[in-house]
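Please open the structure in a viewer and keep the selection tool at hand. The tour proceeds by selections, each followed by a description of what is found there.

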Amino acid sequence: MKNGDILTATLESGETLEYVFSANPPRGGMKHTFFTPDRKYAVQFFNNPRDAQSMLMQERIRSIVSIYNPTLSEKQGGALGNTEKTADYFRTKFCWPVGVVKTPEFGIVCPTYPQGFFFGENASAVLPLKGKDKKSTWFTGRNRKYLNKSELGDFRMMLKIAIGLARSVRRLHQAGLAHSDLSCNNVLIDPKTGSSVVIDIDSLVVPNKYAPEVCGTRGYIAPEVLATMERDSNDPHRCLPCVQTDLHALPVLIYEYLFLRHPLMGPKIYSTESAEKDDHLAMGPMATFIENPDDRSNRPDDLDVTISSLSEGLEKLFLQAFVDGLHNPSERPSAMEWESELLRAWNRLVPCENEDCDKKWFILRDEKEPVCPFCGTRKTQPLLKLGFKSNIRGKHGIFRDKTEVYVYDGMPLFDWHLFSNIHNDEKAEPEMRAYIRRHNDMWLLINNGAEGMLSPSGRLVPKGTAIELRDGVLLCMADRENGMLAEATVI
Amino acid sequence: MADYIRRLPVYLLLDCSGSMAGEPIEAVRQGIKALVSELKGDPQALETACLSVITFNSSARQISPLTELLLFKEPQLVASGATALGAALTVLADCIRDEVRTSTPTQKGDWKPLVFLLSDGAPTDKLDDGLAALKKVTAGNIIACAAGANANVSTLKRITNNVLMMNNLTAGDMAQFFAWVSGSIKASSKSIDAKPGEAVQLPPPPQGFVIVP
């Protein structure tokens with residue numbers, strides 16, 4: 001066989017698929033990859049024939065493609081409770097295997113990543129990046145400086161990536177699965193659009209059923225896994241990748257997205273014996289959060305923006321993950337907690353008024369101190385907050401505070417801003433129901449299709465018309481069951 | 001913010017004796033070009049790997065000092081003369097001692113170096129002197145490639161346990177060898193899922209290459 005030869009794979013479904021042979025295919029720890037001639041699919045085979053022949057491995061792959069598959073509706077043989085809609089949603093979040101190869105040998109078919117996760121023509125003036133996949137290290141490590149500015153996104157997009165990833169991991173964990181090798185290599189990100197995709201799904205761990213195959217990737221392996229790596233694989237004290245180790249890797253990635261640095265890589269020298277020994281201690285048994293408030297031994301001298309510049313909720317979660325839970329896996333916050341706290345922080349985003357600020361957005365933590373932590377610019381423009389109130393069940397006319405959102409010019413409002421029983425997640429309709437405009441020094445809310453929106457005086461606000469959001473205005477977002485009230489406050 | 005990234009030093013020891021003249025040396029030139037370009041496309045390799053080239057013919061010298069990939073300049077390779085492999089090892093030992101940062105209470109040391117040695121002949125100088133010099137430094141992982149029919153495998157075996165055999169000195173095989181080297185560097189730069197101090201897991205050698213047991 002030589003480079004460029006077209007070979008045919010037969011799938012277990014009976015279909016056939018052509019792929020292009022390469023003598024030196026891209027190779028990961030477990031598998032190597034060929035592509036179909038149109039590059040729409042990747043055909044992957046195991047490096048080690050023992051893995052390919054293992055019945056357990058084959059069974060694992062078959063169940064990942066079917067009953068554990070969140071990208072396929074339950075009707076089509078996918079995960080339990082999965083609808084067409086949630087399947088469509090998660091198809092954009094995971095690069096999930098779609099088929100099992102029977103011949104020439106056991107293997108996997110995966111869709112290739114969407115185009116946005118490959119660098120285009122002008123990604124870098126100094127590096128040959130065209131066509132390379134967007135591993136997050138490009139954006140969070142020191143290579144960042146070689147990328148063109150148009151690739152880098154802003155703080156808001158990085159927060160959006162974090163939300164998307166937390167949601168994907170939450171979905172896996174909800175189904176009882178662990179990814180087991182979440183890392184900068186297995187999560188591709190596109191800061192331009194704030195999207196992420198989780199790849200290399202086939203090492204999924206099903207607790208008590210399919211044990212982990214890999215240890216993980218340097219920098220993302222949980223400390224307890226590194227600390228007990230020397231032990232025999234049957235030793236009950238040996239820690240293996242699982243849901244709890246995903247819950248270490250997840251905040252490491254989130255921290256990297258938000259701060260562009262690694263939470264454990266600081267100046268502390270743990271051992272002078274060798275680099276390998278030092279690194280093992282730094283990532284494993286002795287790991288210390290660079291922002292640990294009680295142990296400053298690993299704290300860089302020049303930390304500028306820290307977790308205290310985020311929302312209080314996020315600061316608490318990072319401390320829980322990297323101080324309380326770093327060596328105590330059961331203390332780590334769940335993916336669901338990360339998702340909802342990141343969403344709360346999303347609601348507190350405000351644009352920086354400094355046009356040259358790279359980050360463009362920041363999380364407003366203290367209304368009395370509206371200062372961008374990245375560039376130090378103080379907000380001078382008035383700020384408007386919408387407080388959403390939900391009806392207490394069974395008590396007509398009695399409302400309680402649900403969420404608060406800072407608004408900005410052009411902000412879209414969705415069903416989760418209208419109804420208290422709808423959340424910003426994969427189940428919500430993606431259509432914009434209303435939006436905010438800053439016009440002639442007025443804040444306007446324009447109805448874009450919300451039914452039963454009522455003005456403060458109780459008049460219907462038809463589609464296409466606007467209401468002014470003055471301080472103290474109270475409007476009804478939807479005069480329907482579970483419809484919320486919104487109160488405007490100028491700060 | 002300060003950088004706490006360790007470097008992965010990579011040394012290429014290249015045989016530039018007279019027998020490499022013509023197609024083989026041109027293939028090596030192309031191979032280095034492809035290697036650097038490939039590594040620049042890998043974020044972890046780009047962050048950690050540093051590259052140096054040591055050539056040997058009648059004598060040995062370091063023609064490219066250990067340099068980060070973006071600043072690396074392709075060296076001028078000329079094939080002529082004998083095969084001073086022993087001297088090359090001595091130069092390697094000197095370079096490792098001078099260039100590779102060791103861990104101290106105030107400095108994060110570099111990873112153990114990765115050495116790729118390519119030779120198409122038998123040494124014409126004293127190998128033992130070179131071996132003795134190399135023993136005094138931490139050389140890390142040395143992978144030797146015996147290129148072509150005249151390469152002396154048993155000599156290379158005295159330097160390292162990792163010996164590959166490339167049967168032909170064709171441009172195609174040389175390109176594959178360098179592609180494999182880049183795969184190995186990429187794997188090392190992100191691995192360390194290996195236990196500390198243990199040899200890194202390298203990808204399987206390309207088709208047509210034999211691992212010498």
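The stops below go from the domains to the interface, the cores, the sheets and two loop residues. Please bear in mind throughout that this is a predicted model.

**Stop 1: the domains of chain A**

Begin by colouring chain A by its domain assignment, which gives domain 1 (1-112), domain 2 (132-347) and domain 3 (384-490). Then find domain 1 and domain 3 of chain A: their centres, taken over C-alpha atoms, are separated by 45 Å.

**Stop 2: where the chains meet**

Next, display both chains and select the residues in contact between them. On one side there are 37 residues of chain B, and on the other 38 residues of chain A. Which elements of chain B give two or more residues to the side that touches chain A? They are α1 (23-40), α2 (43-48) and α6 (171-190) of chain B. Colouring this side of chain B by class shows 15 nonpolar, 12 polar and 10 charged residues.

**Stop 3: the nonpolar cores**

Hide chain B for the moment and select A:L159, A:A162, A:A166, A:L250, A:L253 and A:I254. These residues have the most contacts inside the largest nonpolar core, which has 101 residues. Domain 1 (1-112) and domain 2 (132-347) of chain A each supply at least three residues to this core. In soluble globular proteins, nonpolar side chains tend to be buried together.

Now centre the view on A:A166. Leaving aside residues up to four places away in sequence, A:A166 touches A:L250, A:I254, A:A335, A:W338, A:E339 and A:L342.

To see a second, separate core, bring chain B back and select B:C16, B:M20, B:I54 and B:F56, which are included among its 65 residues.

**Stop 4: a helix with one buried side**

Return to chain A and select helix α3 (residues 84-91). Which of its residues are buried? The buried residues of α3(A) are A:T86, A:A87, A:Y89 and A:F90. Because these cover an arc of only 160° around the axis, they lie on the same side of α3(A). An α-helix has 3.6 residues a turn, so residues three or four places apart point the same way. Add α5 (155-174) of chain A to the selection, since it is included in what covers the buried residues of α3(A).

**Stop 5: strands around β6(A)**

Select strand β6 (residues 107-111) of chain A, which is mostly covered, with four of its five residues buried. Strand β4 (residues 41-46) of chain A runs antiparallel to β6(A) and is joined to it by five bridges. To locate this pairing, pick A:V43, whose bridge partner in β6(A) is A:V109.

Then add strand β5 (residues 99-103) of chain A, which pairs with β6(A) in the antiparallel sense over three bridges. Here A:G99 stands opposite A:V109. Follow the backbone from β5(A) to β6(A) to see the hairpin that joins them through three residues.

**Stop 6: a four-stranded sheet**

Move to the strands β13, β14, β15 and β16 of chain A, which form an open sheet in the order β13-β14-β15-β16 with antiparallel pairing. The edge strands, each pairing on one side only, are β13 (412-413) and β16 (466-468) of chain A.

Start from β13(A), which two bridges join to strand β14 (residues 434-439) of chain A. A:P412 has A:Y435 as its bridge partner in β14(A), while A:L413 stands opposite A:A434.

Continue to strand β15 (residues 442-447) of chain A, which pairs with β14(A) over six bridges in the antiparallel sense. One pair to label is A:R438 with A:W443. Between β14(A) and β15(A) lies a hairpin with two residues in between, and A:N440 in the turn has a positive phi of about 45°.

**Stop 7: two loop residues**

Select A:C242, in the loop between α6 (223-227) and α7 (243-259) of chain A. With 17 other C-beta atoms within 10 Å, A:C242 is partly exposed. Not counting residues up to four places away in sequence, A:C242 touches A:A178, A:V205 and A:P207.

Finally, select A:N122, in the loop between β6 and α4 (137-140) of chain A. Is A:N122 buried or exposed? A:N122 is exposed, with 11 other C-beta atoms within 10 Å. To end, draw a line between the C-alpha atoms of A:N122 and A:A23: they are separated by 29 Å, and the two residues are 99 residues apart along the chain.

Terms used. Residues numbered from 1 in each chain as written. Chains lettered and ligands numbered in written order. Predicted model: local features only at pLDDT ≥ 70, side-chain atom pairs only at ≥ 80, totals over all residues. Contact = placed C-beta atoms within 7 Å. Nonpolar A, V, L, I, M, F, W, Y, C, P; charged D, E, K, R; others polar. Core = buried A, V, L, I, M, F, W, Y, C linked by C-beta atoms within 7 Å. Buried ≥ 20, exposed ≤ 12 C-beta atoms within 10 Å, placed from the backbone. Domains from an automatic or database assignment. Arc of directions from axis to C-beta. Pairing = 2+ DSSP bridges.
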